[in-house]
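User: I'm new to reading protein models, and a picture this size is a bit much for me. Could you take a close look at one stretch of backbone, and then lead me from there to the other parts worth seeing?

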Amino acid sequence: MMLLKFSSLPKPLHRSYATKGNQVKDVNYQYLQRSKVPTMHFQKSLPRLPIPDLSKSRDRYLNAIRPLLAKDQYETAVKRTDKFVNNEGKELQSKLVNKDKMNKQTSYISDYWFDLYLRDRSALPINYNPLIVFQNDLRPDYNDQLVRTSNLLVSAVRFMMALREQILEPEVYHLQPKKSNTPLFRTVTGLLPESLSWYGAYLFKAFPLDMSQFVGLFNATRIPLVGKDKIFRDTSCNHVVVQRNGHFYIFDVVDSDGNILSPTEILGNMSQIMEDKTPKAEYPVGILTTQNRDVWAKQRIYLEENGNQETLKKIDSAIFNIVLDDETIDDNKHKILTNYLHGDGLNRWFDKSFSLITTKDGVSGINFEHSWGDGVAVLRFFEDIYKETTTKPFITPDSRPSKNNITVKKIEFNLDDKSKNFIVNAKTEYSDWCNSLSIDYILYEQLTKEACKKLKVSPDCIMQLGFQAAYHLLHGKYVGTYESCSTSAFKHGRTETMRPCTDKTKAFCDLLHSKKASDQELRSLMQECSLYHSNLTKEAAMGQGFDRHMFALMKIAEENHMPRPEIFDSYEYKYLNKSILSTSTLSSPSVLAGGFGPVVKEGFGIGYSAFADKLGAAVASYKQHNNSSEFVQALQKSFEDIRKILSY
């Protein structure tokens, strides 16, 4: 998820507003979209996430572990797996199916997946919170920190208001956009009852996606509690929280009549915050959100007991968090990744559903908390507000801040010596943690998305093949590899794991590095890899992977106080699920960069994209175990080898 340049953008449409007090007369200003089809129109008729057949999950699981194991290890794994399938697996499958029938309002994985995130005690930054950075505006003066942040804020609130009013365009995957992304489609499906609407869309070869996660974007925070966190939401609040120099400010962006403040009024509030000359906070409380969840939970209780309950509630209930950084990026791509992945933690609140971060030179992006939802909801929001701010911005470099409706309040924490000591210790620990990371990136322009397609190989497969070849080149072995795949085509779908390390990719890498095969043989094998990879991706997207299924079976055993099946403590299951290569792709013209941290100490976190003009990946690892720059060098060589073979 790295650089992508545009040739041009449409000229901005500058708008003016006749205002009386704080009332904006242009009613269209209140909403980013006014969809004829209600936002949740398809939700009721979405298909339910299927529970895979146990025997098929058995086959898929064994196929995934085979390339990772020696022959005798694999034979033992087959016996153990068959024992599970033929014995307790049958009972667990039956209980899972029965539970699913009793809970038709959701998916079999949804509650388990929320629970998994909220129970994990690991700190949020690096471990869980991903980053996505916007492309810069091609007009330099629109990248001014105040102008850009204000425009993003206006568009974000308009998005929220459309969502609240259920007039935000439903998320739909159009298989044939020319035929289905049309007024006729919207008219026909909009007239159908909610219980039938999905089927109407299907006749157009269009597939509505689950939108249940979208409510998690706004007025939400993950609250640390000992043992298991909770997600707090309060949609009655109309303020945003702004962080600058480690301080916190709040102001209302929606007035008492339910109308969004005018653009210049929002600009006026933001301007007042930026003009505050208060020195950087000596004890920035936000650093506490970088810690182990139990540690932070106990500290938060202490803060609440010492008069900070209302201050914390103001942060928790805010529509979202805005972060004004004093950092200057200067097109330093390494700086982009480190600043948006973790920063120094002094001007962050990682618990918020998302933080909109803008640097001093106007580079903007999002760091988001992951328990409430996945990339589908965040990317839709990201793309919509980017499009509006770069084509039809409400604030121009010539806009003058209004002095009406200035409601900015600086919120203060009451900190005693014990609280200050929490912060001092957290600063040291977080600094040491961030310094232990190795982060690098690759932009490879000799291979492109379109070139891969012309050569009849999947661009995603080529990138994953590159990761396998690079790791094998460095370590001479194959490891558990995780590729995230969305199951949002189903009601309350989350993600499924696609396992890109296969017998075929192993055979390719072995032959490639042995130098005993011709380019023709390697190209033929590469095409086999691509076909198999595409089939695995389709299976995962259709809810026919095995990872979530097996996880649910394990949870069913726990729920029913049954003995834990041996398979879940086996060497092979643990080895597969130790995601040494944790990967995820996110391609969009609005994305400048994206990524996340390694999920295990010995692993790599790899955010990647196949662009029209290049392949790109951001790679993070821990210095004690791996050097991301060495991996990037190996990946560079792997891409060159693959290009040579494809050019044969």
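Analyst: Let's start at Gln166, which has a relative accessibility of 31% and so counts as partly exposed, since that label covers the range between the 20% limit for buried and the 50% limit for exposed. Keep in mind that what you're looking at is a predicted model. Gln166 sits in the loop that runs from α5 (145–164) to β4 (172–174). Its backbone is a bit of an oddball: phi is positive, about 65°, even though Gln166 isn't a glycine. Why does that catch the eye? Because most residues other than glycine have a negative phi.

Stay in that loop and move along to Glu171. This residue makes a salt bridge with Arg380, and the closest N and O atoms are 2.7 Å apart. Arg380 belongs to helix α12 (residues 375–391), while Glu171 is in the loop between α5 and β4, so this pair ties together parts that lie 209 residues apart in sequence. Now check how covered the two partners are. Glu171 comes out at 18% relative accessibility, so it counts as buried, because buried means under 20%. Arg380 is buried too, with a relative accessible area of 6%.

That's the loop itself. Now for its echoes elsewhere, beginning with the backbone. His492 is another residue that isn't a glycine and yet has a positive phi, in this case about 55°. You'll find His492 in the loop between β15 (481–486) and β16 (495–498). With a relative accessible area of 22%, His492 is partly exposed.

Next, the salt bridges. Searching the whole structure turns up 40 of them. One links Arg119 to Asp115, with 3.0 Å between the closest N and O atoms. Here both partners are in helix α4 (residues 110–119), four residues apart, which is about one turn of the helix. Arg119 is partly exposed at 45% relative accessible area, whereas Asp115 is buried at 14%. These two also have company: Asp115 and Arg119 are part of a salt-bridge network that includes Lys228, Lys555, Glu558, Arg564 and Asp569. One more pair to find is Asp229 with Arg222, whose closest N and O atoms are 2.7 Å apart. Both Asp229 and Arg222 are buried.

Finally, let's swap loops and charges for a strand, β10 (residues 321–324). Both of its faces are covered, with Asn321 and Val323 buried on one side and Ile322 and Leu324 buried on the other. Strand β10 has partners as well. Four bridges join β8 (residues 239–244) to β10, and these two strands run parallel. Four bridges also connect β10 with β11 (residues 354–358), again in parallel. A handy place to see this is Ile322: Val242 stands opposite it, and Ile322 also stands opposite Leu356 in β11. To get from β10 to β11, the chain passes through helix α11 (residues 333–341), and this β-α-β crossover is right-handed.

So where would I click if I wanted to retrace the tour? Go to Gln166 for the positive phi, then Glu171 and Arg380 for their salt bridge, and end at β10 with its two covered faces.

Note on methods
Residues are numbered from 1 along each chain as its sequence is written. This is a predicted model: local features need pLDDT of at least 70, side-chain atom pairs count only at pLDDT 80 or more; totals for chains, interfaces and linings use all residues. Side-chain values use heavy atoms; hydrogens and water are left out. Buried means under 20% relative accessible area, exposed over 50%, partly exposed in between (1.4 Å probe, protein chains only). A salt bridge is a side-chain nitrogen of Lys or Arg within 4 Å of a carboxyl oxygen of Asp or Glu. Two strands pair if DSSP finds at least two bridges between them. A crossover is right-handed if, with the strands pointing away from the viewer, the path from the first strand over the helix to the second runs clockwise.
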